[in-house]
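Thanks for coming. I will take a few residues one at a time and then turn to the cavities.

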Amino acid sequence: MKIAMLARNPNLYSHKRLVEAAEERGHTLDILNTTRCTVNIASHRPTLTYNGETLSGYEAVIPRIGASITNYGLAVLRQFEMSGVWPLNESVAIGRSRDKLRSMQILAKYGLGLPLTAYANDPKAAEEIIKAVNGPPVVIKLLEGTQGIGVVLAETMSSAKSVIEAFRGANVNILVQEFIKEAGGTDIRALVVGGKVVAAMKRTGAADDFRSNLHRGGSAQLIKITPEERSTAVRAAKHMGLNVCGVDMLRSNHGPVIMEVNSSPGLEGIEKATEKDVAGTIIDYIAANAKAGATKTRGKG
């Protein structure tokens, strides 16, 4: 099988592992720098070129699109979909997951556990939305942040109002969420592939940081998750429409609450913590499911 991977950095652990796992199974996996792909829009003949050469012959595409190029990356992925190439995750589902507000609305619709969350456009409503999430303290997040960037813990009413007003004054969209104190600076990352949790780890933040992201200096270890946590992760992936994702949850006093559903989860932390071949599981899933044009949207929006 010939597989394309949209990724800007071929040297990342996750990307090297996917290439290695594909080659071990007799497949060809080409890493394409997303920003070097050109979308050629023509009636009845949607094509893509890469460094001047037309791309063809791919049976599947793995989107590993960086948050900073989400819009362009999704345009390239839609072009693959319109050409009949099977995507590991569809463009529509990735777009949902990258918008924290939209993903929270979808998860809430299906009754999944979430922290109290509020959103408002008017900075004058800062005090109102802080009280709506039983704060302070509150967690303030950029709608399109990633890897813990753009996440602030405000511990007093005055500091929370100042942060909200500053973000909104800069015309930046934010969410305000309750602070789950009982989580103790740890969260759970459950990695879902094809409707099953294939690996799970507990992430603990650095000593002086409430965020548990490994990119922020956190640590990871193997964890046995509860049936409720497993079910929550699987349902989140299903309702977001993602075949592969990392579901980040906190253990609250009222059960697991979802913080984020990541459509391009890193593999290094979870493979090392669990000693599982997650990359191989993903490649096996692609080989078993990739069929020409077998997507829900085919890039239609």
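Which residues does Asp248 touch, leaving out those up to four places away in sequence? Keep in mind that this is a predicted model. On that basis, Asp248 touches Asp187, Ile188, Arg189, Arg203, Val257, Ile258, Met259 and Glu260. One of these contacts can be described further: the side chains of Asp248 and Arg189 make a polar contact at 2.4 Å. As for where this residue sits, Asp248 belongs to strand 15, which covers residues 244-252. Its relative accessibility is 4%, so Asp248 counts as buried.

The reason I began there is the annotation. In UniProt, an unreviewed entry places a "binding site" feature at Asp248 and Glu260. The "binding site" feature is also placed by UniProt, again from an unreviewed entry, at Glu260 and Asn262.

Next, Glu260. This residue is in strand 16, residues 255-262. Is Glu260 buried or partly exposed? The cut-off for buried is under 20% relative accessible area. Glu260 has 21% relative accessibility, so Glu260 counts as partly exposed. Beyond four places in sequence, Glu260 touches Lys100, Gly246, Val247 and Asp248.

Asn262 is also in strand 16. Asn262 has a relative accessible area of 17%, and therefore it is buried. Its contacts, with residues up to four places away in sequence again left out, are Arg189, Cys245 and Gly246. To put two contact lists side by side, Arg189 is among the residues touched by Asp248, and Arg189 is also touched by Asn262. Likewise, Gly246 appears in the list for Glu260 and in the list for Asn262.

Moving along the chain, Ser263 is in the loop between strand 16 and helix 8, the helix at 268-274. Ser263 is buried, because its relative accessible area is 5%. What does the side chain of Ser263 pair with? The partner is the side chain of Ser97, in a polar contact of 3.1 Å. Not counting residues up to four places away in sequence, Ser263 touches Asn89, Ile94, Ser97, Arg98, Leu242, Val244 and Cys245.

Another serine for the list is Ser91, in helix 3, residues 91-98. With a relative accessible area of 4%, Ser91 is buried. The side chains of Ser91 and Glu81 are joined by a polar contact of 2.8 Å.

Now the cavities. Rolling a probe the size of a water molecule over the atoms shows where empty space is left. How many cavities of 30 Å³ or more are there? The count is 3. I will take the second largest cavity, with a volume of about 80 Å³. Its lining includes Ser263, the loop residue with the polar contact to Ser97. Asn89 and Val244, both touched by Ser263, are also in the lining. The other lining residues are Leu18, Ile62, Pro63, Arg64, Leu88, Ser264, Pro265, Leu267 and Ile282. By class, the lining of this cavity has 8 nonpolar, 3 polar and 1 charged residues.

To recap the annotated positions: Asp248 is buried at 4%, Glu260 is partly exposed at 21%, and Asn262 is buried at 17%. That is where I will stop.

Key: Residues are numbered from 1 along each chain as its sequence is written. This is a predicted model: local features need pLDDT of at least 70, side-chain atom pairs count only at pLDDT 80 or more; totals for chains, interfaces and linings use all residues. Side-chain values use heavy atoms; hydrogens and water are left out. On a 1 Å grid over the protein atoms alone, a cavity is a set of points where a 1.4 Å probe fits but cannot get out, and a pocket is an open set with protein on both sides within 12 Å along at least five of seven lines; lining residues have an atom within 4 Å of a point. Grid points are joined across faces, edges and corners, and a volume is the space filled by probe spheres set on the points. Ala, Val, Leu, Ile, Met, Phe, Trp, Tyr, Cys and Pro count as nonpolar, Asp, Glu, Lys and Arg as charged, and the others, Gly among them, as polar. UniProt positions are given in the numbering used here, feature names are shortened, and annotations may be inferred rather than shown by experiment. Helices (H or I, at least four residues) and strands (E, at least two) are DSSP runs, numbered from the N terminus. Buried means under 20% relative accessible area, exposed over 50%, partly exposed in between (1.4 Å probe, protein chains only). Contact means heavy atoms within 4.5 Å. A polar contact is a pair of N or O atoms within 3.5 Å; within protein, one must be able to donate a hydrogen and the other to accept it, and residues adjacent in sequence count only if both atoms are side-chain atoms.
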